[in-house]
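Walk me through this structure, from single residues out to the packing of its elements. Where does each part sit, and what does it touch?

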Amino acid sequence: MVNQELLSVLDQLQREKGITQETLVSALEAALVAAARKRYGGGDNYQVEVNHRTGEIQVLQTKRIVEHVESPAEEISLEEAKASDPEAEIGDEIGSYLEIDDFGRIAAQAAKQVVFQKVREAEWNVVTREFGGRQGDIINGVVIGHERKNYIVDLGKTEAILPFREQMPRESFRRGDRIKCLLLDLRTTSRGPQIILSRTHPDFVARLFEKEVPEISEGVIEIRNVVREPGERAKFAVFSKDPNVDPVGSCVGVKGVRVQAVVRELHGEKVDIIEWSPDPATFISRALSPAKIQKVAFRELGGEKVATVIVADQQLSLSIGRRGHNVRLAAKLTGWKIDIFSDSQVTGDSELAQSIDPGRLLRNNAESSDSTPKLLEIEDLPGMGGIVAEILRGAGFDTVEKIANADLASVSSLPKFGPKTAAKLIETARDFLGLQKPEMNVHDTEE
């Protein structure tokens with residue numbers, strides 16, 4: 001049988017699916033063997049010959065010559081064999097070509113199923129070889145269709161699906177549009193291999209920055225965390241391994257060219273680039289950007305880490321963000337539950353004020369290599385600095401809390417201090433922290 005149309009189909013599958021012609025021909029041969037067995041019975045006594053040049057296909061059935069036939073599908077009597085070959089003898093094998101057109105509908109259906117199965121297996125091998133190690137990478141494709149709110153994307157050798165749940169709100173694509181997505185998953189289905197894409201996953205933002213910022217791909221800048229509410233806002237925490245490289249500035253780029261490229265791909269989604277810090281107060285303060293934070297206090301509530309943030313009245317709505325986006329994303333980014341209060345709320349609610357441990361208040365610009373909360377340093381006291389600060393620090397009074405809880409005699413015995421100066425310093429520290437003033441009897445005069 002000459003079948004040029006068959007060759008065209010095989011050639012098209014080879015080009016579109018990346019499946020070799022040898023694999024396709026092998027699938028066709030297996031299908032025809034299955035069809036022959038379905039139609040005529042037998043076992044391994046079928047051979048398929050395919051002419052790659054002309055498309056001619058022949059199915060050869062071989063039978064063993066026996067004296068008494070027990071299995072007609074695999075055996076033939078000597079008398080019948082001699083009718084075709086006068087030199088035939090017992091024990092020889094004799095073959096005859098079958099007419100494929102005689103296979104029948106059921107056999108043809110069996111052949112079709114075998115071909116589909118073999119092609120699916122070959123396609124899965126091609127897809128896994130091409131995309132198997134690329135989960136989490138950016139994939140470029142072309143939109144070729146829309147099916148039940150899902151986009152069908154052509155990736156070259158196969159097609160992928162961008163499900164509705166992985167699409168950003170209010171964005172739409174037309175047939176022929178080029179699209180960037182994150183390769184989210186690779187799975188096998190009854191219809192063949194299926195690649196799942198995403199434009200809402202946080203890693204999509206991270207991979208976009210990797211392509212725009214060479215310092216990230218080179219490993220100088222490390223991505224510590226990414227959180228987002230797709231279509232609204234994303235927060236992106238980065239850390240520089242080189243103290244001479246500004247992680248935020250590198251991600252923003254000259255005149256904002258790098259971050260603008262990412263924002264354009266995200267169709268206007270706002271992106272906050274935040275420098276990661278091991279100090280929780282600093283990190284939380286930066287995570288609530290663009291709001292300016294005054295103080296942060298920490299506590300544990302039912303095993304949950306809670307950060308109480310105090311902001312100026314005019315900064316309250318900015319710190320919370322539209323529909324709570326800002327504080328919600330900051331909490332996800334830092335891993336802390338964040339409660340935000342304005343100055344007037346704290347001042348007007350005595351119970352709230354007392355619930356905030358003032359000894360745990362931190363500066364919003366604190367820098368520390370330690371992962372534990374950092375207490376206020378003595379330089380935070382009004383007018384503190386210079387030689388006096390050095391004397392206090394040298395004596396172990398390096399935080400406002402230590403000064404506020406210090407013994408009067410211990411401070412007054414230090415150089416440059418007397419009882420009245422020491423008492424005034426302790427009083428100032430306690431006032432600064434909002435603590436009750438201690439009872440002090442100062443009878444001595446200044447030295």
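Start with S342. This residue is buried, with a relative accessible area of 3%; the cut-off for buried is under 20%, so S342 qualifies. The model is a predicted one. S342 lies in strand β15. Its side chain makes two polar contacts that can be traced. One goes to the side chain of D313, at 3.4 Å. Another goes to the side chain of S344, at 3.2 Å. With neighbours within four places in sequence set aside, S342 is in contact with V311, D313 and L316. D313 therefore appears both among these contacts and as a polar partner of S342, whose burial stands at 3%.

Now step back to the whole chain. The protein has 447 residues, and 43% of them count as buried. It holds 17 helices and 16 strands. Take the contacts with a separation of 6 or more. Residues 24 or more positions apart account for 58% of them.

Strand β15, residues 337–342, also feeds a nonpolar core. Which residues have the most contacts inside the largest nonpolar core? They are I284, L288, V309, I338 and I340, in a core of 23 residues. Five elements each supply at least two residues of this core: α9, β13 (293–301), β14 (304–311), α11 and β15. In soluble globular proteins, nonpolar side chains tend to be buried together.

V309 shows how this core is joined up. Leaving aside neighbours within four places in sequence, V309 is in contact with I284, L288, I293, K295, V296, I338, D339, I340 and F341. Apart from this core lies another one, of 22 residues. Its members include M168, L182, A234 and V262.

Next, look at helix α9. Why is α9 described as largely enclosed by the rest of the structure? Seven of its eight residues are buried, so the rest of the structure largely encloses it. The buried ones are P280, A281, T282, F283, I284, S285 and A287.

Helix α9 packs with helix α11. Two packed helices are described by the angle between their axes and the distance between the axes. The axes of α9 (residues 280–287) and α11 (residues 325–334) come within 9 Å and cross at roughly 145°. The crossing is right-handed. On the α9 side, F283, I284 and A287 take part; on the α11 side, they meet N326, A330, L333 and T334. By class, this contact has five nonpolar, two polar and no charged residues.

Beyond α9 comes a backbone feature. Most residues other than glycine have a negative phi, and most peptide bonds are trans. The peptide bond from S289 to P290 is cis, with omega near 15°. P290 is found in the loop between α9 and β13.

Phi has its own exceptions here. K149 is not a glycine, yet has a positive phi of about 70°. K149 is found in the loop between β5 and β6 (150–154). R170, also not a glycine, has a positive phi of about 65°. R170 sits in the loop between β7 and β8. Is R170 buried or exposed? R170 is exposed, with a relative accessible area of 68%.

Q167 also has its place in the loop between β7 (159–162) and β8 (178–189). Q167 counts as buried, at 12% relative accessibility. Its side chain reaches the backbone oxygen of L162 at 3.1 Å. Not counting residues up to four places away in sequence, Q167 touches K149, N150, Y151, L162 and T200. Q167 and N150 are 17 residues apart in sequence, and their C-alpha atoms are 8.6 Å apart in space.

Two more loop residues complete the tour. Q135 is found between α4 (104–131) and β5 (138–147). Q135 is partly exposed, with a relative accessible area of 37%. Beyond its neighbours within four places in sequence, Q135 is in contact with L183, L184 and L186. Q135 and D185 are 50 residues apart along the chain, with C-alpha atoms separated by 6.2 Å.

N45 is found in the loop between α2 (21–40) and β1 (46–50). At 8% relative accessibility, N45 counts as buried. Residues up to four places away in sequence not counted, N45 touches L60, Q61, T62, A73 and E74.

Technical notes. Residues are numbered from 1 along each chain as its sequence is written. This is a predicted model: local features need pLDDT of at least 70, side-chain atom pairs count only at pLDDT 80 or more; totals for chains, interfaces and linings use all residues. Side-chain values use heavy atoms; hydrogens and water are left out. Axes are lines fitted to C-alpha atoms, for helices over the stretch in contact, and angles run from 0 to 180 degrees between N-to-C directions. Helices (H or I, at least four residues) and strands (E, at least two) are DSSP runs, numbered from the N terminus. A crossing is left-handed if the near helix is turned anticlockwise from the far one by less than a right angle, and right-handed if clockwise. Contact means heavy atoms within 4.5 Å. Ala, Val, Leu, Ile, Met, Phe, Trp, Tyr, Cys and Pro count as nonpolar, Asp, Glu, Lys and Arg as charged, and the others, Gly among them, as polar. Buried means under 20% relative accessible area, exposed over 50%, partly exposed in between (1.4 Å probe, protein chains only). A polar contact is a pair of N or O atoms within 3.5 Å; within protein, one must be able to donate a hydrogen and the other to accept it, and residues adjacent in sequence count only if both atoms are side-chain atoms. A nonpolar core is a set of buried Ala, Val, Leu, Ile, Met, Phe, Trp, Tyr and Cys residues joined through side-chain atoms within 4.5 Å.
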